[in-house]
Amino acid sequence: MGKATGFMEYERKEPVAVSPKERIKNFNEFHERLSDKDQKCQAGRCMECGVPFCQAGTMIGGMASGCPLNNLIPETNDLVYRGNLEQAYIRLAKTHSFPEFTSRVCPALCEAACTCGLLGKPVSTKENEKAIIEYAYENGLVEERIPENRTGKTVAIVGSGPSGLAAAQLLNMRGHKVTVYERSDRAGGLLRYGIPNMKLEKTVIDRRIALMEKAGIEFKYNINVGKDITAKELKEKYDRVLLCCGASNPRDIKAPGREAKGIYFAVDFLSEVTKKLIDYNYDSAKLISATDFSFKSLKGKEVVVIGGGDTGNDCVGTSIRLGAKNVTQLEMMPCPSKERLASNPWPEWPKVLKTDYGQEEAIAVYGKDPRIFQTTVTEFVQDNKGNLTALKTIKLEPKKDEKTGRINMEPVKGTESEIKADIVLIAAGFLGSELYVTQAFGVKCNERTNVATEEGSYQTSDDKIFTAGDMHRGQSLVVWAIKEGREAAKQIDYSLMCYTNLV
């Protein structure tokens, strides 16, 4: 695979990124593509290692290792190295529904498990994947297969996020009539309204949706299933229903003063920014100055983001673009080590400190890393008009519970502090599916409020109702959502036809 000695001859090379101070002037993606020559060299670093953990997609140490979609990565790397991007796309499309999404927003589980990364830097599989799919679009290779014959079976999919789209793609290809219901005004779910443009420009979603519609998939927007249309109506109209509504309940911060004005959930904040950007035809200047934009008050304000992870980082980057005077990010957990610990060996996911794009921009603009680790909020301070003015915080330290063995973060007396805050964005994760949907369909949920199924199954307590994505497994990655959607499609197909040829 690739060049036998490539991993020794070529250093890993990253695409050039627009400088932080320049890219914060707009909401555009900011990574340039490598040249064809450089991309071939990067693919040539693939080692023909014999046991490619990169494509294993298995759980090691309680964490995913390798690609959940089981993409045959060494094969696609070899084809990129040889300059055969058309065949590379054909190979990739056999296992992957939407490489254009994961090549932009996936944390690259494949690279974390790359054998080349054991002693050096891993193969740039994510960037190779992006080169493949963009070449395919530029050369008219990407098509959604239109079935020659229809089965006469109908499937309703509730939610148009990555799991719903992946399931729709396969079920339509099989010949079933698929209708996707989306409560928002456009398709994509959190791909569209939860991930900022600088990571995933929405035209990338639009071009795929256009192909899916051309292939016969019907999208119905601004319909909130469970409110605008009943579960009973869907069950009567369709042979099967697939729930892909996401884990949409944001985790709140229960502290005195929570009712203060100026506190928002991250997903609401990011969604509004993206929606306005689309409505203003991606005119960043108009977005920032718009008089009807509720977050324009970020200009010159002290912003505090509560929570780390991708969503917290996205809030940092978005706040900077909206003119925040300063951005602080609070994280409960300790700062990770800069290198792998002995307790976190390859090919486990590396639990190391990562400085993402938003934090890079904060360092460039404000001169410091915005993150404060091992800290939590004890009170939201407000003035006599109910406006947020500050946060009271306290430091935390990890302590082992002798009964359960769990490590808990406990407050440290005497470490109380106060941080100025005009705006707070809560990015503390999600708790599970929304009750009005699960109650409408009468499906059982587990203790985490995710829709319950048997192990390895996507069928709910109702034989006609299936589920996939974050609603099923809890808050997770786009690549896992795609995997779940594909697997659910296979089970739905089997339940309709008594066999399936979907792979």
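This dialogue walks through a few helices and one loop residue of a predicted model.

User: How is the packing of two helices described, and what are the angle and the axis distance for α4 and α5?

Analyst: Two packed helices are described by the angle between their axes and by the distance separating those axes. In this predicted model, helix α4, spanning residues 73-81, packs against helix α5, spanning residues 85-93, at an angle of about 165°, and their axes lie 8 Å apart. Angles over 145 degrees count as roughly antiparallel, and α4 and α5 are therefore roughly antiparallel to each other. Their crossing is left-handed.

User: Which residues of α4 and α5 meet?

Analyst: On the α4 side the contact involves Glu75, Thr76, Leu79 and Val80, and on the α5 side these meet Leu85, Gln87, Ala88, Arg91 and Leu92. By residue type, this contact of α4 with α5 divides into 5 nonpolar, 2 polar and 2 charged. As a general idea for reading such lists, an α-helix has 3.6 residues a turn, so residues three or four places apart point the same way.

User: At what angle do α5 and α8 pack?

Analyst: Helix α8, which covers residues 125-138, packs with α5 at an angle of about 105°, the axes being 9 Å apart. An angle from 65 to 115 degrees counts as roughly perpendicular, and α5 and α8 are therefore roughly perpendicular to each other. Here α5 contributes Leu85, Glu86, Ala88, Tyr89 and Leu92, while α8 contributes Glu129, Ile132, Ile133, Tyr135 and Ala136. The residues of this contact of α5 with α8 divide into 8 nonpolar, no polar and 2 charged.

User: How many residues of α9 are buried, and what follows this helix?

Analyst: Helix α9, made of 13 residues from 162 to 174, reaches 19 Å from its first C-alpha to its last, which is close to the 18 Å expected at 1.5 Å a residue. The helix is mostly covered, with 12 of its 13 residues buried, among them Pro162, Leu165, Gln169, Asn172 and Arg174. After α9 comes Gly175, which has a positive phi, near 115°.

User: Where is Lys299 placed, and is this residue buried or exposed?

Analyst: Lys299 sits in the loop between α14 (284-289) and β8 (302-306). Exposed means over 50% relative accessible area, and Lys299 counts as exposed because its relative accessibility is 59%. Leaving aside residues up to four places away in sequence, Lys299 touches Leu322, Gly323 and Ala324. Glu218, by contrast, is 81 residues from Lys299 in sequence and 41 Å from it in space, C-alpha to C-alpha.

Methods
Residues numbered from 1 in each chain as written. Predicted model: local features only at pLDDT ≥ 70, side-chain atom pairs only at ≥ 80, totals over all residues. Heavy atoms only, no water. Axes fitted to C-alpha atoms, helices over the stretch in contact; angles between N-to-C directions. Helix = DSSP H or I, 4+ residues; strand = E, 2+ residues; numbered from the N terminus. Parallel < 35°, antiparallel > 145°, perpendicular 65-115°, else oblique. Left-handed = near helix turned anticlockwise from the far one by under 90°. Contact = heavy atoms within 4.5 Å. Nonpolar A, V, L, I, M, F, W, Y, C, P; charged D, E, K, R; others polar. Expected span 1.5 Å × (residues − 1). Buried < 20%, exposed > 50% of the residue type's maximum accessible area, 1.4 Å probe, protein only.
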